[in-house]
Amino acid sequence: MRKKSLWPMLLAGLLIAVVLSGQALAQDKRVVIAGWGGAWEDAAKKAFTEPFEKETGIKIVWTAPIDFGKLKAMVEAKKPEWDVIAAAGMHWMVKADYAGLLDKIDYKVVDAALVEKQYVHGYAVGGEVETVVIVYRKDKYKTPPTGWKDFWDVKNFPGKRALAKRAPYTIEAALLADGVPPEKLYPLDVDRAFKNLDKLKPHIATWWTSGAQSESLIRDGEVDMIAMWNGRASNLKVKQNVPVDAVWNQGLYYQAANAIVKGTPRAKEANLWVAYSQRAENQAIMAKEIFYGPTNLKAFKFIDEKTAKELPTYAEHFKKVVKIDYEYWRVNGEPVEEQLNKWIMK
């Protein structure tokens, strides 16, 4: 009696192994992106997830929030759960880079020429431009404030104020209000800033700690004037018809960039997503949803004029804003932050 050949069974087993291996590879074709959740993430999904997945077949998985301690722990353990960090402020990115937590951007994959030169760094690129601006109730002030000096002027602009419970922006605002020219802001005269903050402190109703809180404070009339992110202000103005407006003069702007997590096994896919996030059409979708400025200025070709006027990188606004010094805050952030918290508690 002839023995049955084992080859069919071996061949079938081999085919199954190949299929399973292919499925595993397909499942690993993903990019895990740490972002900010909420409305920001909803906008990012429209701009950078659905079209990217369709074009590349690579799945995008979002997680939030971005946390420095968690990033440090996962990189040091050589077990990164994230592949990309999206839209983190450059003062945060500089700190992460110095700590060795970020990979270099692969500029053979990412086209640096798509975004303005000032938004290109070895370890981070593109993203969006966010600006802290003065926002005021139009039903309270018929004559709008024109800068931080007016924010401090409680005689001509009476009413309750709110500031962010964070040193970046707050220290700069205090110095600009005290007459320091933008080109001479850094290094910051912190003692002078606190002396000026002393004058305003009785009129500060709240030190806000989240974007959602800042929105509710001015929307519900708990304060009449507030320092807040321009995107939050435009959301109230454009989407909710709240009678507020922003003062672009002396707005404090910074880049919120994209970076690759050190040691990710999916660096190739991660760089593909970062490259995709620089495209003008997609940055335009993001800007229209969340009102932060594109770093690829060609995006304005796809943005209507009304929306464009709500964005920090709109040419007329960008002439008036002041850049945050990322390196200054990398070095001085912790001690000045501690000083501010102690001062608030006095």
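In this predicted model, Q250 is buried, with a relative accessible area of 17%. A residue counts as buried when this area is under 20%. Q250 lies in strand β9. The phi of Q250 is near 65 degrees, a positive value in a residue other than glycine. Most residues other than glycine have a negative phi, and most peptide bonds are trans.

Y169 also has a positive phi, near 85 degrees, and is not a glycine. This tyrosine is found in helix α6. Y169 is buried, with a relative accessible area of 5%. A further positive phi, of about 55 degrees, is taken by N241. N241 comes just after helix α9.

Two cis peptide bonds can be described next. One runs from A64 to P65, with omega near -5 degrees. P65 lies in a loop, with β2 (59–63) and α3 (68–76) on either side. Another cis bond joins Y186 and P187, and its omega is about -5 degrees. P187 is placed in the loop between α6 and α7 (190–200).

The overall fold gives these sites their setting. The chain has 346 residues, and 51% of them count as buried. Its secondary structure comes to 14 helices and 11 strands. Along the principal axes, the C-alpha trace spans about 110 × 40 × 35 Å. Contacts were also sorted by separation along the sequence. Among contacts with a separation of 6 or more, 70% join residues 24 or more positions apart.

The largest nonpolar core holds 111 residues. Within this core, I85, M93, W148, I171 and W273 touch the most other members. Strand β9 (residues 244–261) supplies the largest share, 11 residues. A second, separate core has 9 residues. Among them are A287, A299, A308 and L311.

W273 links the core to helix α10. Leaving out residues up to four places away in sequence, W273 touches I33, F48, F52, I60, W62, V84, A86 and N258. W273 is one of the buried residues of α10. The others are E269, A270, N271, V274, A275 and Y276. Helix α10 covers residues 267–276, and 7 of these 10 residues are buried, so the helix is largely enclosed by the rest of the structure.

Helix α6 (residues 167–177) packs against helix α14 (residues 326–345). The angle is about 80 degrees, and the axes lie 10 Å apart. Angles of 65 to 115 degrees count as roughly perpendicular. The two helices α6 and α14 are therefore roughly perpendicular to each other. On the α6 side, the contact uses A167, P168, I171 and E172. On the α14 side, these residues meet W329, V336, E337 and L340. The residues of this contact divide into 6 nonpolar, no polar and 2 charged. I171 thus appears in this contact and among the residues that touch the most other members of the largest core.

A second helix pair is formed by α8 (residues 211–219) and α9 (residues 230–239). They pack at an angle of about 45 degrees, with axes 10 Å apart. This angle falls outside the ranges for roughly parallel, roughly antiparallel and roughly perpendicular. The helices α8 and α9 are therefore oblique to each other. The crossing of α8 past α9 is right-handed. From α8, the contact takes in G211, A212, S214, E215, I218 and R219. From α9, R232, N235 and L236 take part. The residues of this contact divide into 3 nonpolar, 3 polar and 3 charged.

Some of the α9 residues in that contact are also buried. Among the buried residues of α9 are N235 and L236. The buried set also includes N230, G231, A233 and S234. What do the buried residues of α9 pack against? Their partners are β5 (125–137), α8, β8 (225–229), β9 and α11 (280–290). Strand β9 is thus a partner of α9, the source of the largest share of the main core and the strand in which Q250 lies.

Methods
Residues are numbered from 1 along each chain as its sequence is written. This is a predicted model: local features need pLDDT of at least 70, side-chain atom pairs count only at pLDDT 80 or more; totals for chains, interfaces and linings use all residues. Side-chain values use heavy atoms; hydrogens and water are left out. Axes are lines fitted to C-alpha atoms, for helices over the stretch in contact, and angles run from 0 to 180 degrees between N-to-C directions. Helices (H or I, at least four residues) and strands (E, at least two) are DSSP runs, numbered from the N terminus. Angles under 35 degrees count as roughly parallel, over 145 as roughly antiparallel, 65 to 115 as roughly perpendicular and the rest as oblique. A crossing is left-handed if the near helix is turned anticlockwise from the far one by less than a right angle, and right-handed if clockwise. Contact means heavy atoms within 4.5 Å. Ala, Val, Leu, Ile, Met, Phe, Trp, Tyr, Cys and Pro count as nonpolar, Asp, Glu, Lys and Arg as charged, and the others, Gly among them, as polar. A nonpolar core is a set of buried Ala, Val, Leu, Ile, Met, Phe, Trp, Tyr and Cys residues joined through side-chain atoms within 4.5 Å. Buried means under 20% relative accessible area, exposed over 50%, partly exposed in between (1.4 Å probe, protein chains only).
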